[in-house]
Amino acid sequence: MALQLVFSLSCSSCGSTFLPIESIEDREHGIPLSRSVHQRSGELTWRLGDVKRTGEALRIDFTLTNGTSRILEQGLLRVILHGPNGEQLSGRLPFSGIRRGHTRALSARFGSVPFRVADLGLEVIFVSP
């Protein structure tokens, strides 16, 4: 049975984008992002918002914070779900337009997550100033 993963970029000025799952074998290098409630100088960080499961579907809301000195025109994140028994599921989520010192609310929507999510990680694959 193939798993279906759907991501949706959620913000007031953006449309929706749907992407398939990313296999572990196809993952390129990413840089882990730190979770932080407050902005950290010189870092791109995130904080978790709402998590909602409906059947096997899962929506994760989070806020990305740009503490760097650059305006981030666009970028690509990897959202990684970790299960309690070593399960993993990941996908790529694009983002755009985060000025220095500002935040962007994002939402990752997974169409099918067949395990309980024990942890969540974010990696940045690329950003362009």
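Here are three short exercises on the core and a buried ring pair of this predicted model.

**Exercise 1.** Find which residues of the largest nonpolar core touch the most other members, and which elements give two or more residues to this core.

*Solution.* Start with the core itself, which has 23 residues. Within that set, Leu33, Phe62, Leu64, Leu77, Leu81 and Phe110 touch the most other members. Next, look at where the core comes from: strands 3, 4, 5, 6, 7 and 8 each give two or more residues. Now zoom in on leucine 81. Setting aside residues up to four places away in sequence, leucine 81 touches Leu58, Ile60, Phe110 and Leu120, among others. Its list isn't purely nonpolar, by the way, including Glu87, Gln88 and Asp119.

**Exercise 2.** Work out whether threonine 45 is buried or exposed, and what it contacts.

*Solution.* First, place the residue: threonine 45 sits in strand 3. Its relative accessibility is 0%, so threonine 45 counts as buried, since buried means under 20%. Then check its surroundings, skipping neighbours within four places in sequence: Ser34, Ser36, His38, Arg40, Thr63, Leu64 and Thr65 are in contact with threonine 45.

**Exercise 3.** Count the aromatic pairs, and describe the geometry of tryptophan 46 with phenylalanine 62.

*Solution.* The count is one aromatic pair. Tryptophan 46 and phenylalanine 62 have ring centres 6.2 Å apart and planes at 80 degrees, making the pair edge-to-face. Tryptophan 46 belongs to strand 3 and phenylalanine 62 to strand 4, so the pair ties together parts 16 residues apart in sequence. Finally, check burial: both tryptophan 46 and phenylalanine 62 are buried.

Key: Residues numbered from 1 in each chain as written. Predicted model: local features only at pLDDT ≥ 70, side-chain atom pairs only at ≥ 80, totals over all residues. Heavy atoms only, no water. Core = buried A, V, L, I, M, F, W, Y, C linked by side-chain atoms within 4.5 Å. Buried < 20%, exposed > 50% of the residue type's maximum accessible area, 1.4 Å probe, protein only. Helix = DSSP H or I, 4+ residues; strand = E, 2+ residues; numbered from the N terminus. Contact = heavy atoms within 4.5 Å. Phe/Tyr/Trp six-rings, centres within 6.5 Å; stacked < 30°, edge-to-face > 60°.
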